[in-house]
Amino acid sequence: MTPTIRFFRSSVALLLCAIALLACANPLVTSVTQRRFTLPEAQLQQALARRFPVEQRVADLLDVRLSSPRLSLLPASNRLGTELALNLAERLRGTRYDGSVALEYGLRFDSSDQSIRLADVRVSRFSLGGMPAPYQELLGRYVPRLAERWLEGYVLHQFTEQDLGWVGSLGLEPAALQVTSAGLSVALQPKTEKTERAEKPAK
């Protein structure tokens, strides 16, 4: 074997080793090879916090404000839980009431805008302090349903082109979402024809 051939083979072997080491160290390469990546709980909490507060006026009588979300993982049911601070203000008298509302919800991926959205939102607990009992009972039936309607389909996280650019160039996109004890596990699948058509610029 000539020195040139030996040098060439050694160089190729070193290059392959370097690529293997980079693949192990690079989470994006790992995610593509395993067709799965994880958004950790802390990142989900930060993404959720950026989406609040949410404010809504009801029948020109009440101003409702949801803020300070605290996220929890519910792997057993493949859902997330979130507790929110609730503030109500009566517009006629200016009276304010503070309380909290707890939600549970699933998640879905929307390929049209590369977002993860809330799905099947359900209020599990509602409390409001200092309000007369008759009003508390009335609002206890109304406000939870209102919160569920507001937050159904609400964006939890939106991927940027930088986040998914390389994944997309390989013909993959996020698919099934699985809540685990470590965060949100996102499976990758080949892009559908619908997604590819949506990405093509209009002529």
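This report walks through a small sheet, a group of aromatic rings and several salt bridges in a predicted model.

**The sheet and its helix**

Let us start with the strands. Three of them make an open sheet, and their order across the sheet is β1-β9-β8. The pairing between the strands is antiparallel. At the edges you will find β1, covering residues 36-40, and β8, covering residues 172-180. Each of these edge strands pairs on one side only. Neighbouring strands of the sheet are turned against each other by 30° on average, with direction ignored.

How many bridges join β8 and β9? The two strands, with β9 spanning residues 183-190, are paired through seven bridges in the antiparallel sense. If you would like one example to find in the structure, look for L172, whose bridge partner in β9 is P190.

A helix also belongs in this part of the picture. Helix α3, made of residues 41-49, lies across β1 and β9. The helix runs at about 60° to β1.

**A cluster of aromatic rings**

Now look for the rings. The structure holds three aromatic pairs, and two of them are described here. In one pair, the ring centres of F37 and F159 are 6.0 Å apart. Their planes stand at 80°, and an angle over 60 degrees counts as edge-to-face, so this pair is edge-to-face.

Where do these two residues sit in the chain? F37 is part of strand β1, while F159 is in the loop between β7 (155-158) and α5 (161-169). The pair therefore ties together parts that are 122 residues apart in sequence. F37 has a relative accessible area of 17% and is buried. F159 is buried too, at 8% relative accessibility.

F159 has another ring partner, F109. Here the centres are 6.3 Å apart and the planes are at 55°, so the pair is tilted. This pair also links distant parts of the chain: F109 belongs to strand β5 (residues 96-110), and F159 to the loop between β7 and α5, 50 residues apart. Both F109 and F159 are buried. Put the pieces together and F37, F109 and F159 form one aromatic cluster.

**Salt bridges**

Charged side chains come next. The count comes to eleven salt bridges, and the table lists three of them.

| Side chains | Distance, N to O |
|---|---|
| R108 and D110 | 3.9 Å |
| R117 and D110 | 3.3 Å |
| D120 and R122 | 3.1 Å |

D110 appears with R108 and again with R117. Is D110 buried or exposed? At 18% relative accessibility, D110 counts as buried, because the cut-off for buried is under 20%. R117 is buried as well. R108, on the other hand, is partly exposed, with a relative accessible area of 37%.

Which residues make up the network around D110? R108, D110, D113 and R117 are linked in a network of salt bridges.

The bridge between D120 and R122 has partly exposed residues at both ends: D120 has 37% relative accessibility, and R122 has a relative accessible area of 44%.

**Looking back**

A good way to review is to trace β1 in the structure. This strand is an edge of the sheet, has helix α3 lying across it and contains F37, which is part of the aromatic cluster with F109 and F159.

Methods
Residues numbered from 1 in each chain as written. Predicted model: local features only at pLDDT ≥ 70, side-chain atom pairs only at ≥ 80, totals over all residues. Heavy atoms only, no water. Pairing = 2+ DSSP bridges. Helix = DSSP H or I, 4+ residues; strand = E, 2+ residues; numbered from the N terminus. Axes fitted to C-alpha atoms, helices over the stretch in contact; angles between N-to-C directions. Contact = heavy atoms within 4.5 Å. Phe/Tyr/Trp six-rings, centres within 6.5 Å; stacked < 30°, edge-to-face > 60°. Buried < 20%, exposed > 50% of the residue type's maximum accessible area, 1.4 Å probe, protein only. Salt bridge = Lys/Arg side-chain N within 4 Å of Asp/Glu carboxyl O.
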